[in-house]
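Visitor: Good morning. I am new to this structure and would like to be taken through it. May we start with whatever ties its parts together?

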Amino acid sequence: MVDENDLYKMIVETNDSKSLEILYDRYESLLFNLAYKITQDVQSSEEVLQDVFMKIWNKKAIFNPEKGKLSTWLITLCRNRSIDAIRKKKIIESQFDEGFQGIQSDSLPEYDLLSKEVSEEINKRISLLNKDQQKIISLFYYKGLSQQEIASNLNIPLGTVKSRMRLSIQHLNNYFKKTLRREDEENER
């Protein structure tokens, strides 16, 4: 199996369309489902997915492996493009669910949502955050609201939103780092 960084390098340096296909196949489901979770629209999600890979192909989005993993970068591109799509359509909702509802595996019958194992793991980790952190993560990542919009909607200071966001991300990041270390240790055995 070709390393994702090598695939990206081959796409950018030699315009290798086969490498782009492989990268697309690896991340299509994850990125589409993330886009759908944010846009709530199949057509917009398909456009977001196409835009992400076209930016890579046309070298309008440049990945720096020193700053993180390619998968994280792709997710960030997809998230940002999805938010742009809903802002264009002006359908940002100011209302939110009272608690974190998690990623629903039955919301997209025509596409495989994140693998059940991955979505359960993400939901499990987010559910360990306190309710205020869950609400902010949901509004920011799934509804696409800015930190200022979250502060206005929840009627709390912007600094509080920023603090809760930072702490939430730190907690989630620490967990996933521990999980990856454990997996690496198990693979080395």
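Guide: Certainly. Please bear in mind that this is a predicted model. The count of salt bridges in it comes to 2.

Visitor: Which side chain does Arg81 meet in a salt bridge?

Guide: The partner of Arg81 is Asp51, with a distance of 2.6 Å from N to O.

Visitor: And what does that pair tie together?

Guide: Arg81 belongs to helix 4 and Asp51 to helix 3, so the bridge ties together parts that are 30 residues apart in sequence.

Visitor: Is Arg81 buried or exposed?

Guide: Arg81 counts as buried, because its relative accessibility is 14% and the cut-off for buried is under 20%. Its partner Asp51 is partly exposed, with a relative accessible area of 27%.

Visitor: What about Asp132, with which residue does it form a salt bridge?

Guide: Asp132 pairs with Arg164, and the closest N and O atoms are 3.6 Å apart. This pair also links distant parts of the chain: Asp132 is in helix 6 and Arg164 in helix 8, which covers residues 158-188, and the two are 32 residues apart. Asp132 has a relative accessible area of 35% and is partly exposed. Arg164 counts as partly exposed too, at 24% relative accessibility.

Visitor: Let me step back to the whole protein. How many helices and strands are there?

Guide: There are 8 helices and 0 strands. Along the sequence the pattern therefore reads α-α-α-α-α-α-α-α, as helices are numbered from the N terminus.

Visitor: What share of the residues is buried?

Guide: Of the 189 residues in the protein, 35% are buried. The accessible surface comes to about 11,800 Å², and carbon and sulfur atoms account for 48% of that surface. As for contacts between residues at least 6 apart in sequence, 63% of them join residues at least 24 apart.

Visitor: Now the interior. Which residues touch the most other members of the largest nonpolar core?

Guide: They are Leu23, Leu31, Val52, Phe53, Ile56, Trp73 and Leu74, in a core of 27 residues. Helix 1 (4-14), helix 2 (17-39), helix 3 (42-57) and helix 4 (70-89) are the elements that each give two or more residues to this core. Helix 2 supplies the largest share, 9 residues.

Visitor: Why would nonpolar side chains gather like that?

Guide: As a general tendency in soluble globular proteins, nonpolar side chains are buried together.

Visitor: Which residues does Leu23 touch?

Guide: Leaving aside residues up to four places away in sequence, Leu23 touches Leu7, Ile11, Phe53, Ile56, Leu70 and Leu74. There is also a second, separate core of 14 residues, and among its members are Leu129, Ile136, Ile137 and Ala151.

Visitor: Back to helix 6, please. How many residues has it, and how far does it reach?

Guide: Helix 6 runs over residues 131-142, which is 12 residues, and reaches 16 Å from its first C-alpha to its last. That is close to the 16 Å expected at 1.5 Å a residue.

Visitor: Which of its residues are buried?

Guide: The buried residues of helix 6 are Gln133, Gln134, Ile136, Ile137, Ser138, Leu139, Phe140 and Tyr142.

Visitor: What is found at the start of helix 6, and what comes just after it?

Guide: At the start, a side-chain oxygen of Asn130 comes to within 3.0 Å of the backbone nitrogen of Asp132. Just after helix 6, Gly144 has a positive phi of about 80 degrees.

Visitor: Where does Ser146 lie?

Guide: Ser146 is in the loop between helix 6 and helix 7 (147-154). It is partly exposed, with a relative accessible area of 23%. Ser146 and Ile83 are 63 residues apart in sequence, and their C-alpha atoms are 9.7 Å apart in space.

Visitor: One last topic. What sign does phi have in most residues other than glycine?

Guide: For most of them phi is negative. Gln40 is not a glycine, yet its phi is positive, about 60 degrees. Gln40 sits in the loop between helix 2 and helix 3 and is partly exposed, at a relative accessible area of 49%. Lys59, also not a glycine, has a positive phi of about 60 degrees. Lys59 is placed in the loop between helix 3 and helix 4 and counts as partly exposed at 35% relative accessibility.

Notes
Residues are numbered from 1 along each chain as its sequence is written. This is a predicted model: local features need pLDDT of at least 70, side-chain atom pairs count only at pLDDT 80 or more; totals for chains, interfaces and linings use all residues. Side-chain values use heavy atoms; hydrogens and water are left out. Helices (H or I, at least four residues) and strands (E, at least two) are DSSP runs, numbered from the N terminus. Buried means under 20% relative accessible area, exposed over 50%, partly exposed in between (1.4 Å probe, protein chains only). Contact means heavy atoms within 4.5 Å. Accessible areas come from the Shrake-Rupley method with a 1.4 Å probe; for residues, only the protein chains shown count as cover. A nonpolar core is a set of buried Ala, Val, Leu, Ile, Met, Phe, Trp, Tyr and Cys residues joined through side-chain atoms within 4.5 Å. The expected span of a helix is 1.5 Å times one less than its number of residues. A polar contact is a pair of N or O atoms within 3.5 Å; within protein, one must be able to donate a hydrogen and the other to accept it, and residues adjacent in sequence count only if both atoms are side-chain atoms. A salt bridge is a side-chain nitrogen of Lys or Arg within 4 Å of a carboxyl oxygen of Asp or Glu.
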